[in-house]
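This report walks through one protein chain, beginning with what a database record says about it and moving on to its interior. Please keep the structure in view while reading.

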Amino acid sequence: MARWCYRHRLVVLLLWVGALLGLGAAASTAGTDYANVFSLPNTDSKRAYDQMEKAFPERAGDTDTVVWKVDAGTVRDQSVQSRIQPVLEKIGKMAGVGGVTSPYAGDRGAAQISANGRIAYAQITFAKQANAVPKQLVQDVVDTAQGARRGGLHVELGGQAIQRVQEPPTGLAEMIGILAAAVVLFLAFGSLFAMLLPIGIAIFGVGTGLFSTQLLSHVTSVPDLAPLLATLIGLGVGIDYALFIVTRHRRGILRGMDPEESAVTALNTSGRAVLFAGGTVCIALAGMLVTNLRFLDGVVIGTSLTVVFSVLAAVTLLPALLGFLGSRVLSRRQRRKLAAEGPEQERASGFAARWSANVQKRPRSIAVMAVVVMAILAIPVLSLRLGATDQGNDDASTTTRKAYDLLAEGFGPGFNGPLQVVSTSGDTNKLVQGLRATDGVAQVAALPPAQGVTVIQVVPTTSPQSEKTDQLIDTLRDKVIPDAGAQAHVGGVTAISKDFSTVTGDRLPLFIATIIGLGFLLLMVAFRSLVVPLTAALMNLIAAAASFGVLVAIFQWGWGLSLLGLGKEGPINAFLPVIMLSLLFGLSMDYQVFLVSRMHEEWVHTKDNARAVRVGLAETSRVINSAALIMVCVFLAFVLSGDSGAAMAGVGLAAAVALDAFILRTALVPAAMHLLGKSNWWLPAGLEKRLPHLAVEPAEEAESLPRASAGGPTVVHGFVRDAEGAPVDGAVLTLLSKGGRQLDRVTSLADGSYIVSVPAPGTYLLSATASSYGARARHVVVTDEPLVHDLELTEGEVDAVN
């Protein structure tokens, strides 16, 4: 498939461009129909909602609020009414506005004026729900209302439709994330074309995924948070997956391979790993379905679709683009060096090799330090409280936050989240009296009954996000309603949020067990080990605890919120643990597979655990850290999205990826594997026979080598040292057949270690050369077992073997 895409690159590119433009045109024509379905089956708030639907089937559109306050006098003063009343009348006549409820309209309106007479509000009912109201109409409403401001008269607006017009321009967060990723990619590759490849793949993957999600919103319930989260995860995995493949392709060209063969090899190795990684991310996302929360179904659809399209773009469009670029995927300096000096052997050197050797020398101390850091970061998670954010968490400079605060000041903190007690039978008057006598209740008002259903509006004395409000809901359900002998249910947005948090918390253990168990099975099959998947499961839990600790400290305790411009502290969104754990599981699986697959390859060849862990870490840590840095940049950019849920998810995922890649995968995991030794690769014999064999990333060599005997492939490994026993870094070792054919060529690491692959038992020639040293060669006789062969190089000496 990779070869076909490479050779038919124009066809592939046109198909992808056609798909992107076609889906975009269809989505633009159809529009959006996102819907936030928070209702939960078998909960008290859902029963209340169903009864209200039955009694009041006619539902108006979105209702927003205009709030005004005077510094002196009262809002009833003629000077105030003469400015506000014409504005409300003008808004009421706008096309798309269903009506305006004014506080100056008779006795009913008097309830919309605060007790001290200094704050009042009017309700604007649009003809459609918030996401369907044209932004221009909302902006006209905001401009008209705020036009009534003057010295001593403050006018603010709140509501879902109003919140839409104060959000930053659509795409701002995505553009900043892409620009940050571009900088990281350019520093990693040193080539403009190589930098553009992963970004282009991510744009195609995210674009087709988002347009498809938008079209699906017309046939199933997709929350408006889904496209934001899909963009967030799509940009991250799209850029990362392309980064892995492009890195392998560049390595092949530097080794002297033809660009087409290099691209095919890269797709047949790293491309397979990308398919595996993308599959694990989708499976992890699908794990959200076990919670049976309808709100998350649309999130699963949007994010999974985007990941699928990102993977498809990486394995089809990317080889086509590589075909257009050819060797220009390398920087100019690399192309000049390749032409002048010939092919080179990529090797782990510099900081990566030194760090890997340091982890091998001090695994216990490094593991302890990593665990201490993660434990300290995880401490705040003990205070985790799930809930729902509202406009009280908006930035203090926004009109929605100011309107929220004015309503709380004039009518009490609970006014922004009233409870609805829906009574279907019993003595309503006795229930109302019981509600008024309850501690924590500020105001009770019973609406006229309809079809045997009475709705009683209950305003708490505390804010919607307060723990005391949650306790009040429990008191009403468990004590007040039963004592009144009524058949009633407590509903409203605040009660729905509380029930959502409760159900999520109850189902979270099942969800965690599902995704951890699934990850354990996948890694066990891939790496033929019980300890490696157990270690990975434990690391996932540690990363989750630490990242949620960071979330609690920032969003719940308020540490640094003002610096990030993220408004006021509050509870963690109830849906966030499920979403974050799904994405964290999928992304950490990517890094775990990339890291451990290289270690496993070394282990299979040498059965030397220390070397396997050292070499695996040295050769993969740079790519893992680059990929993680890109994801952190993309995720943090969503702080600028204007959506508190997306900002919270962005910060949480950025923290999770950074901790997972920079502390767990490059420090704690290799340190733990050094301490565990050969037990890392233990698998009961009975299980070994029954497990299917899964090659996550097959060997690069496409050419089958002739066998010297009936035995299978093996290796020669050891150390290259000088006459004084010091390791020789960068020595080139070449394995030749009896006929002089080159079979393998490697470069020694910083500690002087090397390993060459041998196709089969037999006699071979092993040569070693290094700058400032003479060449040395020896015949080696290899049996069925790996051969340990150390080489000593002497300065100026030449040792030739016929």
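UniProt positions are given in the numbering used here, and its annotations may be inferred rather than shown by experiment. With that caution in mind, and remembering that this is a predicted model, we can start with two spans taken from the record. For "signal peptide", UniProt, in an unreviewed entry, lists residues 1–30, and it places the feature "domain: SSD", also from an unreviewed entry, at residues 179–324. The table sets out what the model shows for each span.

| Span | Helix | Strand | Distance between end C-alpha atoms |
|---|---|---|---|
| Residues 1–30 | 93% | 0% | 34 Å |
| Residues 179–324 | 86% | 0% | 23 Å |

We turn next to the interior. The largest nonpolar core holds 157 residues, and those touching the most other members are Tyr241, Met288, Phe555, Tyr591 and Phe635. Helix 24, which covers residues 644–676, supplies the largest share of this core, with 20 residues. Apart from this core lies another one, of 29 residues, which includes Val70, Val155, Leu157 and Ile162. Returning to Tyr241, and setting aside its neighbours within four places in sequence, its contacts are Val274, Ala277, Gly278, Val281, Val311, Ala314 and Asp590.

Is Leu322 buried or exposed? Leu322 belongs to helix 12, residues 294–325, and it counts as buried because its relative accessibility is 0%, where the cut-off for buried is under 20%. Beyond residues up to four places away in sequence, Leu322 touches Tyr6, Leu197, His249, Ala263 and Val329. Leu322 and Phe193 are separated by 129 residues in sequence, yet their C-alpha atoms are 9.7 Å apart in space.

A pair of helices can be described in a similar way. Helix 19 (residues 493–527) and helix 20 (residues 531–556) have axes that come within 8 Å and cross at roughly 145 degrees, and the crossing is right-handed. On the side of helix 19 the residues that meet its partner are Ile512, Ile516, Phe520, Leu523, Met524 and Phe527, while helix 20 contributes Val532, Pro533, Leu534, Ala536, Ala537, Asn540 and Leu541. Sorted by class, this contact has 12 nonpolar residues, 1 polar residue and no charged residues.

Finally, consider a residue in a loop. Gln451 sits between strand 7 (441–446) and strand 8 (454–460), and its phi is near 55 degrees, a positive value in a residue other than glycine. Gln451 is exposed, because its relative accessible area is 62% and the cut-off for exposed is over 50%.

How values were computed. Residues are numbered from 1 along each chain as its sequence is written. This is a predicted model: local features need pLDDT of at least 70, side-chain atom pairs count only at pLDDT 80 or more; totals for chains, interfaces and linings use all residues. Side-chain values use heavy atoms; hydrogens and water are left out. Helices (H or I, at least four residues) and strands (E, at least two) are DSSP runs, numbered from the N terminus. A nonpolar core is a set of buried Ala, Val, Leu, Ile, Met, Phe, Trp, Tyr and Cys residues joined through side-chain atoms within 4.5 Å. Buried means under 20% relative accessible area, exposed over 50%, partly exposed in between (1.4 Å probe, protein chains only). Contact means heavy atoms within 4.5 Å. Axes are lines fitted to C-alpha atoms, for helices over the stretch in contact, and angles run from 0 to 180 degrees between N-to-C directions. A crossing is left-handed if the near helix is turned anticlockwise from the far one by less than a right angle, and right-handed if clockwise. Ala, Val, Leu, Ile, Met, Phe, Trp, Tyr, Cys and Pro count as nonpolar, Asp, Glu, Lys and Arg as charged, and the others, Gly among them, as polar.
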